[in-house]
Structure formats: C-alpha cells, structure tokens
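Thanks, everyone. Let's put the model on the screen and walk through it.

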Amino acid sequence: MHTIKDIAHRLTNKLQAVIGFIELEQYGEARAAASESIKVLHQLSTGLAMQAAKLDLEAAEVQQLPAEASKPNPPHSRH
C-alpha cells in the first residue's frame with residue numbers, strides 16, 4: 001500500500017487536474033477527474049484511519065509501561 005504522503009500527493013494532483021479542466025471548460029474531463037479524486041480521497045481516509053488505529057494501540061502500550069514497571073518483581077527461587 002502506498003504511504004499516506006504518496007496518496008496525499010496523488011490527491012493533490014487529481015484536484016489540480018479538476019481545476020485545470022474546469023478552466024479549460026472541459027467539464028466531462030473535470031467530472032472524470034473529480035470522480036478519480038473521490039477514489040483517492042477514500043484511499044487517504046482509509047490510510048489515515050489505519051494509521052490512527054495503529055497510533056492508538058501504541059499509545060495504549062506506552063501508557064501501560066509505568067504500571068508494569070511499578071509491579072514488584074516476584075521473589076527468585078533459590079536452590
């Protein structure tokens with residue numbers, strides 16, 4: 001899967017194409033480019049949601065570290 005940054009750049013390019021077609025009054029092409037932009041926007045939204053979920057999991061793990069560190073160590077058995 002492309003990185004979020006790559007997808008964002010692709011979205012920017014698609015939106016610039018939409019603007020260019022509108023300026024040239026090529027509305028059919030603008031509509032097609034807008035449709036492609038929506039698909040890329042969906043990819044970006046999905047990628048951001050996945051990244052946010054990953055960061056939430058990592059944050060939860062980090063928050064548990066102080067609790068784990070403050071637990072007393074079990075006594076070692078000596079033979």
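Start at Ser-45. It counts as partly exposed, at 43% relative accessibility. The classes are these: buried is under 20% relative accessible area, exposed is over 50%, and partly exposed is in between, with a 1.4 Å probe and protein chains only. Ser-45 sits in helix α2. Helices here are DSSP runs of H or I with at least four residues, strands are runs of E with at least two, and both are numbered from the N terminus. Now look across from Ser-45 to Ala-8. They are 37 residues apart along the chain, and their C-alpha atoms are separated by 9.8 Å.

Before I go on, the ground rules. This is a predicted model, so local features need pLDDT of at least 70 and side-chain atom pairs count only at pLDDT 80 or more, while totals for chains, interfaces and linings use all residues. Residues are numbered from 1 along each chain as its sequence is written, and side-chain values use heavy atoms, with hydrogens and water left out.

Next, Thr-46. This residue is also in helix α2. It is partly exposed, with a relative accessible area of 31%. Its partner to look at is Ile-4. The two are 42 residues apart in sequence, yet 9.4 Å apart in space, C-alpha to C-alpha. Ile-4 comes up again with Gln-51. That pair is 47 residues apart in sequence and 8.7 Å apart in space, again C-alpha to C-alpha. Gln-51 lies in α2 and is partly exposed at 33%.

Stay in α2 and go to Ser-37. Buried or exposed? Buried: Ser-37 has 4% relative accessibility. What does Ser-37 touch, leaving aside neighbours within four places in sequence? Leu-11, Lys-14, Leu-15 and Val-18. Contact means heavy atoms within 4.5 Å.

Now α1. This helix has 20 residues. From its first C-alpha to its last it reaches 29 Å, close to the 28 Å expected at 1.5 Å a residue. The expected span is 1.5 Å times one less than the number of residues. Which residues of α1 are buried? Ile-7, Leu-11 and Val-18. Seen down the axis of α1, these buried residues fall within an arc of 40°, so they line one face of the helix. The arc is that of the directions from the helix axis to the C-beta atoms. Turn to the other side of α1, and Lys-5, Gln-16 and Glu-23 are exposed. Two of the buried names, Leu-11 and Val-18, you just heard as contacts of Ser-37.

Then the loop. Glu-25 is found between α1 (4–23) and α2 (27–70). Check its backbone. Glu-25 has a positive phi of about 60°, although it is not a glycine. That comes just after α1. Glu-25 counts as exposed, at 59% relative accessibility.

On to charges. How many salt bridges does the count come to? The count comes to 1. The rule asks for a side-chain nitrogen of Lys or Arg within 4 Å of a carboxyl oxygen of Asp or Glu. Glu-36 pairs with Lys-39, the closest N and O atoms being 3.4 Å apart. Why might such groups pair at all? Side chains of opposite charge can pair when their charged atoms come close. The spacing is simple too. Glu-36 and Lys-39 are 3 residues apart in helix α2, so they are separated by about one helical turn. Glu-36 is partly exposed at 32% relative accessibility. Lys-39 is partly exposed as well, at 47%.

Last, the whole chain. There are 2 helices and 0 strands. The chain has 79 residues, and 11% of them count as buried. About 6700 Å² is exposed, with carbon and sulfur atoms supplying 61% of it. Those areas come from the Shrake-Rupley method with a 1.4 Å probe; for residues, only the protein chains shown count as cover. Finally, contacts. Take those between residues at least 6 apart in sequence: 55% join residues at least 24 apart.
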